[in-house]
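Q: Please take a close look at the nonpolar patch on the surface of this model. Which parts of the chain supply its residues?

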Amino acid sequence: MAFLSLQFGRYRFAPNLWPSVAFVLVFPVLLGLGAWQMDRAKQKQSLVERRAETEVAQVLRVDRYTQLGESDRYRPAVVRGRYLREQQWLLDNRTYHGQAGYHVFTPFRVDGDDQATLLVNRGWVSVGASRQYLPRLEVTSEPVTLQGRFDSPASVGLVIGEVPLSSVADRVVVQSLDIAALANEKGVDLLRYALVIDEGQPGGLQYDWSPIPEMGPEKHLGYAVQWFGLAVALLIIYIGVNTRRDRDDGETHANV
C-alpha cells in the first residue's frame, strides 16, 4: 500500500512503506561508504606526496634535543646510541610473503641521554611454529649507529581488548602500538615516530618497510566509484519501480 502519492504530469510516484524504509536506510549508507573511501583516497594521496618530498629531504642527525614534527614522517635520519634490551614490543598481525609475524620495536637510548628517547623498528620476524613461544630477539648492547626513516607503527583496523602497555615482560605482544600512549605509560619522552632502520643495519631483522601504501589512493577512488554507483543504481530502481504512467482512461498504470 502506497503511503505517498505525487503526480508529475502523466506520471505518479507512489512508493510503498517498507521498500521506502529500506531505501531510506540503505541509501545513506552507500553514500557514506563512498564518501569514506574518498576521504581515505585523499589521506593516501597526502602520504604518497609526503613520502616523495622526503626523498630529497636532508638526513636528520638525531640527538638528545631532537623534536619531530608531523612533516618529519618518512624523513631519513641517523642516530647513534644503544639498544635497550630489557623490553621489546612485538606488533602482531604483520605478514611477510604470506607468513604471519611481528614487527619488533626496541627502545633506543640516544648518545648523551640517560633514558630511551626513541623506538626503533628493527623489522619483521616470523611467529614461528607456535604463538605460545615468542621468538628470541637478541640485539647488541654496544654503541651503534643506525640509519633509517621515521614512521609510525603500522596501523590496524580493529583492536580488541586493552593494549598491555603496562606489562613488564621482556617481550610484549601488542595488537597496536601508540608511541605517545607508551611514553605516557612508561614515563619517558619518546620521539613521536619510530625509526625504521634500513636493511643491513645493526640489530636489523627482515626488512619489509615499503614507502608505497599497500592500497594506494587509486584503489580507494575505485571503491568510492563503486559505492556511489550502487547508490545511484538504488535510487534509479526505487524511483522506477514506484513510478507509474497514467493511461488515457486514467484508471490503470504501467511501469515507466
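A: Helix 1 gives the most to the nonpolar patch, contributing five residues. In this predicted model, helix 1 covers residues 17-54. Strand 1, which spans residues 6-8, is likewise a supplier of at least two residues of the patch.

The members of the patch, in order along the sequence, are Phe 3, Leu 4, Leu 6, Phe 8, Tyr 11, Leu 17, Trp 18, Val 21, Leu 25 and Val 26. Together they present about 970 Å² of accessible area.

One of these members, Phe 8, merits separate attention. Phe 8 is found in strand 1, and its relative accessible area is 53%. Phe 8 counts as exposed because this value is over the 50% cut-off. The value also satisfies the requirement for patch members, which is over 30% relative accessible area.

Outside the patch, two further residues may be described for their backbone angles. Asn 93, in strand 5 (residues 88-96), has a phi near 65 degrees, a positive value in a residue other than glycine. Asn 93 is partly exposed, because its relative accessible area of 41% lies between the limits of 20% and 50%. His 97 is located in the loop between strand 5 and strand 6, the latter comprising residues 99-110. The phi of His 97 is also positive, near 50 degrees, and His 97 is again a residue other than glycine. With a relative accessibility of 68%, His 97 is classed as exposed.

Terms used:
Residues numbered from 1 in each chain as written. Predicted model: local features only at pLDDT ≥ 70, side-chain atom pairs only at ≥ 80, totals over all residues. Heavy atoms only, no water. Patch = residues over 30% accessible without salt bridge, like charges linked within 9 Å, V, L, I, M, F, W, Y side chains within 5 Å. Areas by Shrake-Rupley, 256 points an atom, 1.4 Å probe, with all protein chains shown as cover. Salt bridge = Lys/Arg side-chain N within 4 Å of Asp/Glu carboxyl O. Helix = DSSP H or I, 4+ residues; strand = E, 2+ residues; numbered from the N terminus. Buried < 20%, exposed > 50% of the residue type's maximum accessible area, 1.4 Å probe, protein only.
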